[in-house]
Amino acid sequence: MSFLVCVCVCVCLCTARAESAGTIPARRIRRLFSFQRHLLSSRLLRGAPQLNPLHILDEDYCGQAKCMLEKVGSWNFDIFLFDRLTNGNSLVFLTFNLLNQYGLIELFQLDMVKLRRFLVLVQEDYHNQNPYHNAVHAADVTQAMHCYLKEPKLAESLTSFDILLGLLAAATHDLDHPGVNQPFLIKTNHYLAALYRNTSVLENHHWRSAVGLLRETELFSNLPAEDSIERQLGSLILATDISRQNEYLSRFRTHLDENDLSLGNASHRHFVLQMALKCADICNPCRPWELSKQWSEKVTEEFFHQGDIEKKHKLEISPLCDSEANTIASVQIGFMTYVVEPLFAEWARFSDTRLSQTMLGHLGLNKASWSAMEPEASGSSEEGDMSTYSVTPNTQNNDL
Ligand SMILES: [Zn+2]
């Protein structure tokens, strides 16, 4: 695809220049990378004349990235490698590729310039300095969402509009995440907490940020359903609020018990999309160990960073954020037990496929690996309480 090729070429040329200098210190290289990002978003992707660099390394990097995209539907897809091959642009490339692969750009007659600008702005609005809640996480969730959209039950019932919404929601679901959680924003009187009245503060902000970019770029200005897209995008992103996990899980369980999910029904399809996005968002423990372990380290680093800020300012340290009371293993074992396992058990009932069995298989193996590292973790630390994971008691609501 020419978009991928021309961006890769430019990225790789800059990399080659940095390497050819031989002894450039790491900080200088990082500055070059930052410059590349600016160049990509400001000149190339936003419509300025393209540079025309050619270098043997370019073909190499582009070839590898394109090769990876041929297996974008694989559960073993290594998003970290893909992000390196695209020089930190995994979210732009992956989302663009998927929208194109599903034929959505053509079907909805999306303006290519607007689409590229939108995707670059989305990627830029993620905070690269967050160890976990950054654009690579968004790209990972989008890739997982793609895997779920291909599952037979969904593939045979979802409309193109559903798929467009699902992919966009995945790409934007953590937009402008500050790297701290809702309790932190509330106790520090952050303006977002006041704006959204202490309710789904982050998720509301992600949604409104996404809407802001959609309106700024006028990506859907040609579609009559613009209002509906914004509303449904919000409904999907708000479903990722982990404190409402049991509400969604209970509804899902009831539908499965009564076998009454009818995917010809638009509201039922929307509910399934919500569940798919929730699964995609917390699927890290269901990935192969090499990938799962990296995510575990990153999310714990972000938690502990928040804990350090709380300590420094003499605030109460949030659950899971105290590096002296928790370990990566203890955080993971609790998260898997109370949040991930219940959700994926129901998902596997709904979509009883090879992928679901693969995910449950990885989940079991990964949990065993963490348990082996910390045999006493299952009872001695903070992870033994469901509320630690912000999962509130069930408020059952069967309405769709
Ligand atoms: Zn997320």
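**Exercise 1. Where is His133 found, and between which helices?**

Solution. This is a predicted model: local features need pLDDT of at least 70, side-chain atom pairs count only at pLDDT 80 or more, and totals for chains, interfaces and linings use all residues. Residues are numbered from 1 along each chain as its sequence is written, and side-chain values use heavy atoms, with hydrogens and water left out.

- Step 1. Find the loop between helix H7 (112–125) and helix H8 (135–149); His133 is there. Helices (H or I, at least four residues) are DSSP runs, numbered from the N terminus.
- Step 2. Check exposure. His133 is buried because its relative accessible area is 15%. Buried means under 20% relative accessible area, exposed over 50%, partly exposed in between (1.4 Å probe, protein chains only).
- Step 3. List contacts, meaning heavy atoms within 4.5 Å. Not counting residues up to four places away in sequence, His133 touches Tyr126, His127, Asp174, His177 and Glu302.
- Step 4. Consult the record. The UniProt annotation "active site", from an unreviewed entry, covers His133. UniProt positions are given in the numbering used here, feature names are shortened, and annotations may be inferred rather than shown by experiment.

**Exercise 2. Describe the coordination of the zinc ion**.

Solution.

- Step 1. Name the donors: N, O and S atoms within 2.8 Å of the metal (3.2 Å for Na, K and Ca). Water is not among the atoms, so sites may look incomplete. His137 (NE2), His173 (NE2), Asp174 (OD) and Asp281 (OD) coordinate the zinc ion at 2.0 to 2.2 Å.
- Step 2. Read the spacing. In sequence the donor residues follow H-x35-H-D-x106-D.
- Step 3. Judge the geometry. The 4 donor atoms subtend angles of 86 to 171 degrees, so the arrangement is irregular. Four donors count as tetrahedral if all angles lie between 85 and 135 degrees; four count as square planar and six as octahedral if opposite donors are over 155 degrees apart and all others between 65 and 115; anything else is irregular.

**Exercise 3. Place Asp174 and list its contacts**.

Solution.

- Step 1. Asp174 sits in the loop between helix H10 (160–172) and helix H11 (182–187).
- Step 2. Asp174 counts as buried because its relative accessibility is 6%. His173 is buried too.
- Step 3. Leave aside neighbours within four places in sequence. Asp174 then contacts Tyr126, His133, His137, His206 and Asp281.
- Step 4. The unreviewed UniProt entry marks Asp174 as "binding site".

How values were computed:
Helices (H or I, at least four residues) and strands (E, at least two) are DSSP runs, numbered from the N terminus.
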